[in-house]
Structure formats: structure tokens, C-alpha cells
Amino acid sequence: MSSQPLKENFALVGAHGEDVAAYFYADLFSRAPAVRPMFPASMEKQQEKLLAALSAIVSLLDDPAELVPFLEDLGRRHDGLGVRPEHFPVVGASLLATLAHFSGDAWNEDLEREWAAAYGTAADVMKGALA
Ligand code: HEM
């Protein structure tokens, strides 16, 4: 499976800048209010970090030798924050809702399926690195 459609879609969505992360966290905190206290009151820094991490992950999709250690390291950094494996599906749901929102007419079932698969793989590696 080529990662090109995901890269193109992420470029389209990423052009909306900080709005993307803001939408993502608003969506996440409405789906899962219980996770809000895990994050700092001001989400500005966190929004930048999320976009930078997603951009790094997307750029490494064809390079598992680099991507897997990156995700293991990111997973380890989530240890001790109260993040548990069962939090990953709701984060994935918010990510897909965010991508769909900013894709507009460009969104389709193929993208939805490929993003879900890519997120699932990334989440599995991160969960494996949580203690
Ligand atoms: C693919 C999935 C995820 C990605 C790409 C991601 C990305 C990030 C990044 C880049 C940071 C900044 C800190 C660092 O780089 O070490 C971070 C922090 C954090 N993440 Fe995630 N994360 C993911 C999944 C989750 C999940 C499932 C939760 C559960 C609610 C979560 C909760 C948090 C919290 C609480 C912080 C710390 C915020 C702070 O204190 O500033 N993350 N995440």
C-alpha cells in the first residue's frame, strides 16, 4: 500500500496550521472529557508538538526502520502521564474526525480506511512501549 495518498492528504489538512490541532483537541475533549485534566491548561505548546509529531510520522511512513524507534520513544514519553492503552481508540476517532473535517470534499472511504490502518499501527507500537 502506497503512503502517497496519506502524505498528500496530510499536506492538504496541514495547510490549515494550528486550527487543525485546536479542532483535534476540542473534538477529543468533547468525546472524552476525562482526559482533559491530563493536559496542561494552556494547549498552545501541545498543539505545536502534536502537529510536529504527526508530520514526522507521516514523513516516515515508508521507512519503518526509522518510524518504529520514533514511535517507541514517543510511547515511552507517554508513560507516567496517565495514558493507558484504552485511550488510543478515542484519540484515533478524533484524529480521523479532524482529518475528515479539514479535507472537505477530498475526504473519501479509501483515505478513511488507510488513515485508520496507519493510526492503528502507530498506536500499537506506542502502546507496546508504555510500561
Ligand atoms: C498516535 C498517537 C499520539 C501522538 C502522535 C501523540 C503525540 C504527543 C506529543 C508529540 C506529545 C508532546 C510530548 C512529547 O513529545 O513527548 C504528547 C504529549 C501528551 N500526550 Fe500524546 N500522542 C498520542 C497519543 C496520546 C494518547 C492516546 C493520549 C491519551 C489521552 C495522549 C496524551 C498525552 C498527554 C497527557 C501528553 C502530555 C501533555 C503535557 O503535559 O504537556 N497522547 N503527545
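**Pocket, cavity and fold of a predicted model**

Trainee: How do the residues of the lining of the largest pocket divide into nonpolar, polar and charged?
Mentor: Bear in mind that we are reading a predicted model. The lining of the largest pocket is made up of 42 residues, and those closest to the centre of the pocket are Leu50, Ile57, Leu74, His78 and Met126. Sorted by residue class, the lining of the largest pocket comes to 33 nonpolar, 6 polar and 3 charged.

Trainee: What volume does the largest pocket have, and which helix gives the most to its lining?
Mentor: The volume of the largest pocket is about 1100 Å³. Five helices, namely α2 (18-31), α3 (44-59), α4 (64-77), α5 (88-103) and α6 (109-129), each contribute at least two residues to the lining of this pocket. The helix that gives the most, with 9 residues, is α6.

Trainee: How many cavities of 30 Å³ or more are there, and what is the volume of the largest cavity?
Mentor: Rolling a probe the size of a water molecule over the atoms reveals where empty space remains. A cavity differs from a pocket in that the 1.4 Å probe fits inside a cavity but cannot get out. By this rule there is 1 cavity of 30 Å³ or more, and the largest cavity has a volume of about 60 Å³.

Trainee: Which helices each supply at least two residues of the lining of the largest cavity?
Mentor: The residues lining the largest cavity include Phe10, Val13, Phe24, Leu50, Leu95 and Thr98. By class, the lining of the largest cavity holds 10 nonpolar residues, 1 polar residue and no charged residue. The helices that each supply at least two residues of this lining are α1 (4-14), α2, α3 and α5.

Trainee: Is Val13 buried or exposed, and with what relative accessible area?
Mentor: Val13 sits in helix α1, and it is among the residues that line the largest cavity. Leaving aside residues up to four places away in sequence, Val13 touches Val20, Leu99, Phe102 and Ser103, while its C-alpha atom is separated by 8.8 Å from that of Ala100, 87 residues apart along the chain. Since the buried class covers values under 20%, Val13 counts as buried, its relative accessible area being 1%.

Trainee: What is the C-alpha to C-alpha separation of Ala123 and Pro89?
Mentor: Ala123 belongs to helix α6, and it counts as buried because its relative accessibility is 4%. Along the sequence, Ala123 and Pro89 are 34 residues apart, whereas in space their C-alpha to C-alpha separation is 8.6 Å.

Trainee: What is the relative accessibility of Phe70?
Mentor: Phe70 is part of helix α4 and, not counting residues up to four places away in sequence, it touches Ala53, Ala56, Ile57 and Leu60. Phe70 and Met126 are 56 residues apart in sequence, with 9.2 Å between their C-alpha atoms. Partly exposed residues fall between the 20% and 50% limits, so Phe70 counts as partly exposed at 27%.

Trainee: Which residues does Asp79 touch, not counting those up to four places away in sequence?
Mentor: Asp79 lies in the loop that joins α4 and α5, where it is partly exposed with a relative accessible area of 36%. The C-alpha atoms of Asp79 and Lys7, 72 residues apart along the chain, are separated by 29 Å. With residues up to four places away in sequence left out, Asp79 touches Leu130 and Ala131.

Trainee: What radius of gyration does the protein have, and what would a compact globule have with 131 residues?
Mentor: The secondary structure comes to 6 helices and 0 strands, and the C-alpha atoms fill a box of roughly 35 × 30 × 25 Å along the principal axes. For 131 residues a compact globule would have a radius of gyration near 14 Å, and the protein agrees with this rule, since its own radius of gyration is 14 Å.

Trainee: What share of the contacts with a separation of 6 or more comes from residues 24 or more positions apart?
Mentor: Of the 131 residues of the protein, 39% count as buried, and the accessible surface comes to about 7400 Å², of which 57% belongs to carbon and sulfur atoms. Among the contacts with a separation of 6 or more, the share from residues 24 or more positions apart is 76%.

Key. Residues are numbered from 1 along each chain as its sequence is written. This is a predicted model: local features need pLDDT of at least 70, side-chain atom pairs count only at pLDDT 80 or more; totals for chains, interfaces and linings use all residues. Side-chain values use heavy atoms; hydrogens and water are left out. On a 1 Å grid over the protein atoms alone, a cavity is a set of points where a 1.4 Å probe fits but cannot get out, and a pocket is an open set with protein on both sides within 12 Å along at least five of seven lines; lining residues have an atom within 4 Å of a point. Grid points are joined across faces, edges and corners, and a volume is the space filled by probe spheres set on the points. Helices (H or I, at least four residues) and strands (E, at least two) are DSSP runs, numbered from the N terminus. Ala, Val, Leu, Ile, Met, Phe, Trp, Tyr, Cys and Pro count as nonpolar, Asp, Glu, Lys and Arg as charged, and the others, Gly among them, as polar. The radius of gyration is taken over C-alpha atoms; the globule rule is 2.2 Å times the number of residues to the power 0.38. Buried means under 20% relative accessible area, exposed over 50%, partly exposed in between (1.4 Å probe, protein chains only). Contact means heavy atoms within 4.5 Å. Accessible areas come from the Shrake-Rupley method with a 1.4 Å probe; for residues, only the protein chains shown count as cover.
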